[in-house]
Structure formats: structure tokens, C-alpha cells
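I opened my notebook beside the structure and wrote down what I looked up, entry by entry. Come along and check each one as you read.

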Amino acid sequence: MSVLVADDLQFRHESRLILDGVCCRCRVGELVGLIGPNGAGKSSLLRVLAGLRRPDRGSVSLAGAALATMPAAQRGRLVGYLPQHFEPTWDYTVRDVLALGASRASTPTPRLGTLARDFDLEPLLERPWSRLSGGERARALAAAVLVADPQVLLADEPGASLDVQYRSALLERLSLEARRRMVIVVLHDLELAVRCCARLIVMNAGRIALDADAAVAARDPRLDAAFNIRFQRVPIDPSLGPLLPMASPGPATAAHPAGGAG
């Protein structure tokens, strides 16, 4: 079975240490959520794993082959990278963007129509990129990356511009994709991360602070330490949608409801 391995990664940017001794392994069969506070190194790690940045120390390998020595075209076929933002040089239509993604595949791929349906893009195929909403762009970009059928999918905040319905649906889709390819996704929505991911890697200050099954990581105090906050742990019903927090009314609130006599 193919394995994506990061070994002792160190990465600097403008003399600042971004990644410091990062080691991890990813296999097919689990959606891996990469979480942590802002500036922890999550997006930088994803770019190094994708081969878009070369580490100052350490290596990344896929099935025993070093990504750094692969030709860019081969790496592009094996590793799909879904960035936070994508602005094409020309005002391509959605169909064009999907075709560009399919051009990376080593063999003709019949999945374009299927992915257009799965990501609700059929009504948008002839629409120019400039006329798409943020959520429509995110869905089109996800389909364009998956159409080449990469062994590895690395997604950096793929649901940031989506409303809660589509964000949840996209994470569920990535969870299905993880059954047949390695999937690592950077997330800031911790509830979705715990709900949808099989495994969580928690980063802090360029290091991995915690790497465990999602259910175990959610209870680990190192999660609180990484975010410098004390989380409440609330059991949820997985058959329902996202949790909507509501503060418990205090005695004063109960005694003097809004609009009542003061």
C-alpha cells in the first residue's frame, strides 16, 4: 500500500523557522485533518507535502519515491493540491477549468461528467470564472483537482468560502474520497474536523503537538494547549447537523427577559 511520508521536515521563510522537525505518515483509508492556531505551519506543511516548497531539511516520499526528484508532470499526476484561492490568468469557464484538471491525468478520464454532477456544477459549466461566487469556485476547483484521479489529495481550507450546508457536504465528499486515496485537509472549523475526520494532526509553532484518532484527539488536553484555550466537550448526535452553541441563561436573564419591565 502506498504511503506518504514526511521525515524530519524543516522549512524557513525569510529567516523565520516555519516547520521544525515535522514527521508524519498518511495512508489510504482515513481523512486526516490538519488543525492548529494561525501561524502554526499548516499551510506551509501542505505546500511542502505537495512538492511546491522544498524543505531546508528532511524529505517527503510517496511509495518510497522522493517527491523532490520527480518531474513536475509526474508529481502533478500523483499529488493533487487544492489551494485556498485560485485566480486563473484567463477568464475560463467551469468546463475549461475541469478540462485543465483532466489534462494532468496520464490516461483519458471519464470522471468529468460524474464530478460535475457530484459537485452540482452542471448548471455552471459554461459560466466564466469571474461570474462565479466564492462557493461555486471552491466546488469547481475541488472537482478540477479530483478529475485527474491523484493518489494524494491535499486541501487547504477547502470550505472557507462555502456556507455551512456545502461545507459539510464537501467534508463528507472528502471522507468518501479518503477510501481510495490519501487525503489531508487543513481546517479551522474544529467541530467539522472532529465530526468528519478519522485522524487529527494538531500543529503548534511549527511542530506536531498531537497526532491521534479524531475521537481521542478531541479529548486530549494538548488540543487545548495548542490553541491556548479550554474547550467545552459536548456529546453530539452524528445524525444531526453542525452544533449551534447557545449560552445558558443566567438568573438575571431569566428574571428580566428582553422587553420586560426593568
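**Entry 1: Val234 and its patch**

I began with Val234, which is partly exposed because its relative accessible area is 48%. Before going on, I noted that this is a predicted model. I found Val234 in the loop between α9 (221–227) and α10 (251–255). Next I asked which residues form a nonpolar patch on the surface with Val234. They are Ile236 and Leu243, and the three together have about 250 Å² of accessible area.

**Entry 2: Pro238**

I stayed with the loop between α9 and α10, since Pro238 is placed there too. Pro238 is exposed, at a relative accessible area of 70%. I then looked up its C-alpha distance to Cys196: the two residues are 42 residues apart along the chain, and the separation is 9.7 Å.

**Entry 3: helices α3 and α5**

Two packed helices are described by the angle between their axes and the distance between the axes. I looked up both values for helix α3 (residues 94–102) and helix α5 (residues 134–146): the angle is about 30° and the axes are 7 Å apart. Angles under 35 degrees count as roughly parallel, and α3 and α5 are therefore roughly parallel to each other. I also wrote down the hand of the crossing of α3 and α5, which is right-handed.

**Entry 4: salt bridges**

How many salt bridges does a search of the whole structure find? I noted 18 salt bridges, and I followed up a few of them.

My next stop was Glu87, which forms a salt bridge with Arg137; their closest N and O atoms are 2.8 Å apart. Why does this pair tie together parts that are 50 residues apart in sequence? Glu87 lies in the loop between β6 (79–82) and α3, while Arg137 belongs to helix α5, so the bridge spans that separation. I checked the exposure of Glu87 as well: its relative accessibility is 58%, so Glu87 counts as exposed.

I moved on to Asp118 and Arg173, a salt bridge with its closest N and O atoms 2.7 Å apart. Asp118 is in helix α4 (residues 111–118) and Arg173 in helix α6 (residues 164–177), so this pair ties together parts 55 residues apart in sequence. Are the partners buried or partly exposed? Asp118 counts as partly exposed, at 42% relative accessibility, whereas Arg173 is buried, with a relative accessible area of 17%.

Helix α6 also holds Arg167, so I looked there for a partner and noted a salt bridge with Asp189, the closest N and O atoms being 3.7 Å apart. Asp189 sits in the loop between β8 (182–186) and α7 (190–196), and the pair links distant parts of the chain, 22 residues apart. Arg167 counts as partly exposed at 22% relative accessibility, and Asp189 is partly exposed at 25%.

I closed this entry with a network: salt bridges that share partners join Asp118, Asp149, Arg173, Glu177, Arg180 and Arg181.

**Entry 5: two alanines with positive phi**

I looked up Ala63 and found a positive phi of about 55°, although Ala63 is not a glycine. Where does Ala63 lie? I located Ala63 in the loop between β4 (57–62) and β5 (65–66). Ala63 is exposed, with a relative accessible area of 52%.

Ala205 came next: its phi is positive, about 55°, and Ala205 is not a glycine either. I placed Ala205 in the loop between β9 (199–204) and β10 (207–213). At 60% relative accessibility, Ala205 counts as exposed.

**Entry 6: two glutamines and their distances**

Is Gln165 buried or exposed? I noted Gln165 as exposed, with a relative accessible area of 57%, and found Gln165 in helix α6. Its C-alpha atom is separated by 38 Å from that of Met70, a residue 95 residues apart along the chain.

Gln10, in strand β1 (residues 3–13), is buried, since its relative accessible area is 15%. I also looked from Gln10 to Leu243: they are 233 residues apart in sequence and 37 Å apart in space, C-alpha to C-alpha. That took me back to the patch of my opening entry, where Leu243 joins Val234 and Ile236.

Definitions and conventions. Residues are numbered from 1 along each chain as its sequence is written. This is a predicted model: local features need pLDDT of at least 70, side-chain atom pairs count only at pLDDT 80 or more; totals for chains, interfaces and linings use all residues. Side-chain values use heavy atoms; hydrogens and water are left out. Patches are made of residues with over 30% relative accessible area and no salt bridge: like charges are joined within 9 Å, nonpolar side chains (Val, Leu, Ile, Met, Phe, Trp, Tyr) within 5 Å. Accessible areas come from the Shrake-Rupley method with a 1.4 Å probe; for residues, only the protein chains shown count as cover. A salt bridge is a side-chain nitrogen of Lys or Arg within 4 Å of a carboxyl oxygen of Asp or Glu. Helices (H or I, at least four residues) and strands (E, at least two) are DSSP runs, numbered from the N terminus. Buried means under 20% relative accessible area, exposed over 50%, partly exposed in between (1.4 Å probe, protein chains only). Axes are lines fitted to C-alpha atoms, for helices over the stretch in contact, and angles run from 0 to 180 degrees between N-to-C directions. Angles under 35 degrees count as roughly parallel, over 145 as roughly antiparallel, 65 to 115 as roughly perpendicular and the rest as oblique. A crossing is left-handed if the near helix is turned anticlockwise from the far one by less than a right angle, and right-handed if clockwise.
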